[in-house]
Amino acid sequence: MSIASPSASSSAPSRPPLPFASRAEHLVGSVIDSSVAMLAAYDHDIVKFGMGAPAPDMLPAEDFARLANSVFTPESFTYGETQGEPVLIDALLNYLQETGQIPAEHFGNRDRLVITTGGMQGIDLGFKLFVSPGDLVLCEAPTYTNGSATALSYEAEIAEVPVDDEGMQVDALEDIVARAGRAPSVIYTVPTFQNPAGVTMSLARRQKLLDFAHRHNSVILEDNPYGTLRFSGEDIPSLSQLSPNDPLIFGVRTFSKFVAPGLRIGWLDIDPQLRGLVINAKQTMDSCTSLPTQHMVAKWLNDGNAETHVAHLRSSYGERKATMTAGLERLFGDEIRSTDPDGGFFLWVTFNDETINTEDLMPVALEEGVAYIPGPAFSQTGDFTNALRLCFASAAPDRIEDGLQRLRRAVDKYTSTRSDARH
Ligand SMILES: Cc1ncc(COP(=O)(O)O)c(C=O)c1O
């Protein structure tokens, strides 16, 4: 392959193209993550419904400031263990056991947990271990494209599986596999409070998915950052809870959404037989996992802060979601369809007018002072042009109200400019 090298002036001798690896061609940037830098360039007030980040008032920053002195000793600034600090692994295991987030079969098994640099590194490790160039990887459509982009970086071929109100349409899997002529190495799913749609895979579909994976010997990469943030409805067991001690389930978790994303700490919940390989793989990336934040979170968990904090998040996010759905209903009525999640961070809004292009709408929205992520950012094929993702977690209810009114104005401006252009 050849990727043009930076342009040389016409008088300079021409250089051969840089000798990029074949995988360089498959590196796709993240529209979602790039929005942070993009918004920083604006100096007027913008209500941020784009990035999936907890609001600053939802971060336990005061707890951390209080703990800092006791946690930050010289030992917390040296090289640490790649697989994570034992003090954090123990604290995390206790927390997961006490809150029933892992099946009883995994209780006491600290060898299942590996600390990662955020959930993203967990996703990367999963694909690194299980995807060879040309392998089939199944992803939801829409999906968290940072996940599918990671599969692409290992030269996977992606097949998309549609999502509806019950999550991934598992009944479509056999047809997709028959068409592809091979079984997937990995099925990438965010089954609970999905990013971007906010929907949750039903229990019946989870069971069918497990059955499919076992028949085809496919790994399920269960990406579950939002599962703990349920504010309504009944808990549905994770895939890893439904199938304990199952080496085909590669569980990716993170502290980013229920503690703080800037910590950059996540963890894997995996079969212990994968542990050695995962550590080898992580040692070729960042190795000795960053220590200070691990000590901070271990102490925060051991001091018993998580329960009250998560309860507060759940009730606040429930209130924010209700404000957002009510505002959408009032301001947009039957112009849109919206999902109605029981937890997590996101709503997925689809305009009934298929000619509304949310990428084209975006500059108008930014001018009006509101940001979202356009639908095409959530599929490798650029579908969902008339959809957008709204994060209800990042703004207080009065800001949500304000942001939706700005969005209403932006849509009116965009549609009237379009009709003026037609005349
Ligand atoms: C579905 C999903 N997986 C993984 C991540 C990445 O998590 P982290 O910020 O811990 O790397 C996110 C963050 O937005 C996410 O929504």
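Helices are DSSP runs of H or I with at least four residues and strands are DSSP runs of E with at least two, both numbered from the N terminus. The structure in every view is a predicted model.

**View 1. Phe-384, a residue other than glycine with a positive phi.** Phe-384 sits in the loop that runs between strand S13 (373-374) and strand S14 (387-391). Its phi is about 65°, a positive value although the residue is not a glycine. With a relative accessibility of 23%, Phe-384 counts as partly exposed, since that class begins where the buried class, under 20%, ends.

**View 2. Asn-217, with positive phi in a loop after helix H7.** The loop between H7 and strand S7 (219-223) holds Asn-217, whose phi is near 55° and therefore positive in a residue other than glycine. The relative accessible area of Asn-217 is 58%, so the residue is classed as exposed, a term kept for values over 50%.

**View 3. Two cis peptide bonds that lead into prolines.** The peptide bond from Ala-141 to Pro-142 is cis, and its omega is near 5°. Pro-142 is placed in the loop between strand S3 (136-141) and helix H5 (145-153). A cis peptide bond also joins Asn-195 and Pro-196, here with an omega of about 15°, and Pro-196 belongs to the loop between strand S6 (186-189) and H7. Asn-195, on the other side of that bond, returns in the next view, where a polar atom of its side chain approaches the ligand.

**View 4. Surroundings of the ligand.** The ligand is surrounded by 14 residues, of which Asp-223, Tyr-226, Thr-254, Ser-256 and Lys-257 come nearest. Oxygen atoms of the ligand have partners in both backbone and side chains: a backbone N or O atom of Gly-119 lies 2.8 Å from a ligand oxygen, while a polar side-chain atom of Asn-195 lies 2.7 Å from a ligand oxygen. An N or O atom in the side chain of Lys-257 is likewise 2.7 Å from an oxygen atom of the ligand. Taken on its own, the ligand has 390 Å² of accessible area, and the protein covers 93% of it.

**View 5. Glu-85, a buried acidic residue without a salt bridge.** Glu-85 is found in the loop between helix H2 (61-71) and helix H3 (86-98). Which side chain of opposite charge is nearest to Glu-85? That side chain belongs to Arg-110, which is 9.6 Å away, whereas a salt bridge requires a side-chain nitrogen within 4 Å of a carboxyl oxygen. The side chain of Glu-85 does reach the backbone nitrogen of Glu-81, at 3.3 Å. When residues up to four places away in sequence are left aside, Glu-85 touches Gly-80, Leu-291, Gln-294 and His-295.

**View 6. The salt bridge between Arg-399 and Asp-45.** Side chains of opposite charge can pair when their charged atoms come close. In the model as a whole, the count comes to 24 salt bridges. In the one formed by Arg-399 and Asp-45, the closest N and O atoms are 2.9 Å apart. Arg-399 lies in helix H13 (residues 397-422) and Asp-45 in the loop between helix H1 (31-40) and strand S1 (47-48), so this pair ties together parts that are 354 residues apart in sequence. Arg-399 is partly exposed, with a relative accessible area of 28%, and Asp-45, at 40% relative accessibility, counts as partly exposed too. Both residues belong to a network of salt bridges that links Asp-45, Arg-399, Asp-402 and Arg-406.

**View 7. Two further salt bridges, Glu-166 with Arg-205 and Glu-368 with Arg-409.** The closest N and O atoms of Glu-166 and Arg-205 are 4.0 Å apart. Because Glu-166 lies in the loop between strand S4 (157-164) and strand S5 (167-168) and Arg-205 in helix H7 (residues 203-216), their pairing ties together parts that are 39 residues apart in sequence. Glu-166 is partly exposed at 39% relative accessibility, whereas Arg-205 is buried, with a relative accessible area of 15%. In the second pair, the side chains of Glu-368 and Arg-409 meet in a salt bridge with an N to O distance of 3.1 Å. Glu-368 lies in helix H12 (residues 358-368) and Arg-409 in helix H13, so that parts 41 residues apart in sequence are tied together. Here Glu-368 is buried, with a relative accessible area of 19%, and Arg-409 is partly exposed at 43% relative accessibility.

Notes
Residues are numbered from 1 along each chain as its sequence is written. This is a predicted model: local features need pLDDT of at least 70, side-chain atom pairs count only at pLDDT 80 or more; totals for chains, interfaces and linings use all residues. Side-chain values use heavy atoms; hydrogens and water are left out. Buried means under 20% relative accessible area, exposed over 50%, partly exposed in between (1.4 Å probe, protein chains only). Lys and Arg count as positive and Asp and Glu as negative; His and the chain ends are not counted. A polar contact is a pair of N or O atoms within 3.5 Å; within protein, one must be able to donate a hydrogen and the other to accept it, and residues adjacent in sequence count only if both atoms are side-chain atoms. Contact means heavy atoms within 4.5 Å. A residue is near a molecule or strand if one of its heavy atoms lies within 4 Å of it. Accessible areas come from the Shrake-Rupley method with a 1.4 Å probe; for residues, only the protein chains shown count as cover.
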